[in-house]
Amino acid sequence: MQFTNGTVQEFILLGFEVGQLQRLLILVFFTFLYMLAMAENITIITLVVLDTHLARLPMYILLSNFSWLEICYVNTTMPRMLLDLALSNKIISFSSCFLQFYIFFSLGCTECFFLSSMALDRYLAICHPLRYSQIMSPSFCYILVTASWVLGFLVTIVPVTLISQMSFCGPNVIDHFVCDPGPIMALVCPPLPEAPIISLTSVNAVVILGNIVFVVLSYGSVIVTLIKNSKKGNRVKSFSTISFHLLVVTLFYGPLAGIYVKPGEADSNVTKIVALCYTAITPFLNPMIYCLRNDQMKEALLRLWRGKAVFLKSRIDSVKKRKGRGNI
């Protein structure tokens, strides 16, 4: 343990307090989950980028950028967690811990804004179909994407900076596998200053609760419109699409609101499980939820495979022709 002027210079990420066999099983499981999450999200980005039809549709512009966000999310926490499980190297420097805290916190806020952007897209598509193409143009989609990233990383600067300037007297053990605000604040020397706590609570409440309200109102309007105006066949199809969006929103906001908005200290094991949900499990499930019954994604995948088959066939034919000319 290192101290300078009463301040901790490094932390120990306690991680999962389990036996050697359980540690190995957790390592294998989450390594497999990490690779699948990466492969799924990279596949979505590749399909949207390579398919000219999907690349022009607002929902898929948002979805591909959302997949990039998920890739950033898992790479902020998972490699470090897997390394700690494999090597038991639990020491992290003060600056590295707060850098992870800032990126992790910012990506969470960015995802809140992304989910609101996707809710806005569905609201305009279903409640205002005649104006949808005019409002949700590709350029407006990229404005939403940029605004989500910028706001997500701006709103966290003040609370992270204030917390980093607090005095940490020790112990330097963070009861978590990631530098999360709750376990970090538990190490602060008493009495706790009010400014960092108020700043952190305000950001959590405004960003999380504000976006939850926006998402609920958007999808609530969508559901009311579908009930009033849609025919039975179209209604079932539309409800099916919206249900997948609502499932993604619930998987993210449910545990997040319980930990970061609810006042008071949560049990460390509960906090770790909740963090695993939105840092490892949700990025793995989201691509499956969005694309499992998505006909346009399936068609794009088929077009990609057909194009690849045609390309390979043309290359083989050209090689055969060159060999034939050589034999002559």
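This is a short chat about a predicted model of a protein.

Q: Hi! What should I keep in mind about the numbering and the side-chain values?
A: Residues are numbered from 1 along each chain as its sequence is written, and side-chain values use heavy atoms, with hydrogens and water left out. As the model is predicted, local features need pLDDT of at least 70 and side-chain atom pairs count only at pLDDT 80 or more, while totals for chains, interfaces and linings use all residues.

Q: Thanks. How many helices and strands does the protein have?
A: There are eleven helices and five strands. These are DSSP runs, numbered from the N terminus: H or I with at least four residues for helices, E with at least two for strands.

Q: And how much of the protein is buried?
A: Of its 328 residues, 46% count as buried (under 20% relative accessible area, with exposed over 50% and partly exposed in between, using a 1.4 Å probe and protein chains only).

Q: Let's look at α1 and α2. At what angle do they pack?
A: Helix α1 (residues 20–50) and helix α2 (residues 58–87) pack at about 160°, and their axes are 9 Å apart. The axes are lines fitted to C-alpha atoms over the stretch in contact, and angles run from 0 to 180 degrees between N-to-C directions.

Q: Roughly parallel or antiparallel, then?
A: α1 and α2 are roughly antiparallel to each other (over 145 degrees; under 35 is roughly parallel, 65 to 115 roughly perpendicular and the rest oblique).

Q: What sort of residues make up that contact?
A: The contact of α1 with α2 divides into 20 nonpolar, five polar and three charged residues. Here Ala, Val, Leu, Ile, Met, Phe, Trp, Tyr, Cys and Pro count as nonpolar, Asp, Glu, Lys and Arg as charged, and the others, Gly among them, as polar.

Q: Now Glu40 in α1: buried or exposed?
A: Glu40 is buried, with a relative accessible area of 18%. Leaving out residues up to four places away in sequence, Glu40 touches Pro283, Phe284, Pro287 and Met288 (contact means heavy atoms within 4.5 Å).

Q: Same question for Arg80 in α2: buried or exposed?
A: Arg80 is buried, with a relative accessible area of 18%. Beyond four places in sequence, its partners include Leu13, Asn89 and Gln100.

Q: One last residue: where is Cys127, and what does Cys127 touch?
A: Cys127 is in helix α3 (residues 94–127). Not counting residues up to four places away in sequence, Cys127 touches Ser221, Val222 and Thr225. Cys127 and Val224 are 97 residues apart in sequence, with 9.2 Å between their C-alpha atoms.
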